[in-house]
Amino acid sequence: MKKRVKVSAPGKVILSGEHSVVYGYPAILAAIDKRATVELAGTISGTNGKVLTDLAKYRLDKVVKKLSENFSFSIKSDIPSGSGLGSSAALSVAISAAVTKITGQKWDPEKINEIAYQMEKKHHGNPSGGDNTISTYGGLLWYRKEAEGLKLFKSITPKKRLPKLFLLDTGSPSESTKDMVELVATSRQKNQKRMDKIMIQIELITKKFLHYLLNEKRAMLSELIVENQRLLEELGVVSSSTKALIRKIEKIGGAAKITGAGGVKAGSGMLIVYHPNHQKLLNLAKTNRLATLAIKLGEKGVQTQ
Ligand code: MEV
């Protein structure tokens, strides 16, 4: 019997903790209102059924190829790819969930997330697992990879309304997420003491961010973003053109940070930008011919359509 399923999963921003999260430091991630949607249809037989059970063995591009060869399969995504918004993780999660659904298995987020993580590993080498986890569960998450076999996360319910944040496109990085994670790993091998010191400072900012969200301590959002960005620059994941742009944003009273892996040779992907005066920010984007995107945080995780 022919079956049809449609599933969508959200992209994400990392509010604090990118890169250091790969080394077991915490990160705060938020699902955004940009989603990847997949439609999968067909009659399951012995041969194409094996494709579905073997999914976690393949890299994401191969998974897409295999599904397209064996089923009616389509992808629609409004998550810009290669810009730090978790487009590949959202696609992995949506595919993992679509397969769960079409094979009549119980909807089990833990399992959906684990299969998506295996796909992410093939794609990115050494991911923290944060991107697929936020895409599976949605909302805002405190996430920490204690060990490969123990990833802790907890949903955060902010005690305040977050001010409006914008995404500003600094251009596609010429490096992949895998390249950027490897770049940091190489720097860490060369100078572990220095890199660990920076990551410990990032953890402190991530904690301050948590307290800010929970209204437990007074903190200025703009200061948290500015300090976080400085530390990311020290990690060496931001290009000089992106740094120059961020200094311009700071000069007009705003704050911006990269979100995700960044990039050093060309663009660094999307920036999360906060400015109390939206118009000032939009004017700057216009003068510099940069695309902006207003985003909502804390959107729903993977779901059937
Ligand atoms: C990618 O969105 C964020 C990184 O921290 C890598 C990871 O968490 O897997 C750079």
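This briefing covers the ligand site and the aromatic pairs of one structure. The model is predicted. Its ligand sits in the largest pocket, and the protein buries 95% of the 300 Å² that the ligand exposes when taken alone. A search of the whole structure also finds three aromatic pairs.

**Shell around the ligand**

- The residues surrounding the ligand are K12, I14, E18, H19, V21, V22, P127, S128, D131, V181, G260 and A261.
- By residue class, this shell divides into six nonpolar, three polar and three charged residues.

**Polar contacts and burial**

- K12 places a polar side-chain atom 2.9 Å from an oxygen atom of the ligand.
- D131 likewise has a polar side-chain atom by a ligand oxygen, at 2.8 Å.
- H19 approaches through its backbone: one of its backbone N or O atoms lies 2.9 Å from an oxygen atom of the ligand.
- Taken alone, the ligand exposes 300 Å², and 95% of that is buried by the protein.

**Aromatic pairs**

- Three aromatic pairs are found when the whole structure is searched.
- One of them joins Y143 and F153, with 6.4 Å from centre to centre and 20 degrees between the planes.
- This pair counts as stacked, because planes under 30 degrees apart fall in that class.
- Y143 belongs to strand 4 (residues 140-147) and F153 to strand 5 (residues 150-155), so the pair ties together parts that are 10 residues apart in sequence.

Notes: Residues are numbered from 1 along each chain as its sequence is written. This is a predicted model: local features need pLDDT of at least 70, side-chain atom pairs count only at pLDDT 80 or more; totals for chains, interfaces and linings use all residues. Side-chain values use heavy atoms; hydrogens and water are left out. A residue is near a molecule or strand if one of its heavy atoms lies within 4 Å of it. A polar contact is a pair of N or O atoms within 3.5 Å; within protein, one must be able to donate a hydrogen and the other to accept it, and residues adjacent in sequence count only if both atoms are side-chain atoms. Accessible areas come from the Shrake-Rupley method with a 1.4 Å probe; for residues, only the protein chains shown count as cover. On a 1 Å grid over the protein atoms alone, a cavity is a set of points where a 1.4 Å probe fits but cannot get out, and a pocket is an open set with protein on both sides within 12 Å along at least five of seven lines; lining residues have an atom within 4 Å of a point. A molecule sits in a cavity or pocket if more than half of its atoms lie within 2 Å of its grid points. Ala, Val, Leu, Ile, Met, Phe, Trp, Tyr, Cys and Pro count as nonpolar, Asp, Glu, Lys and Arg as charged, and the others, Gly among them, as polar. Rings of Phe, Tyr and Trp (its six-membered ring) pair if their centres lie within 6.5 Å; planes under 30 degrees apart count as stacked, over 60 as edge-to-face and the rest as tilted. Helices (H or I, at least four residues) and strands (E, at least two) are DSSP runs, numbered from the N terminus.
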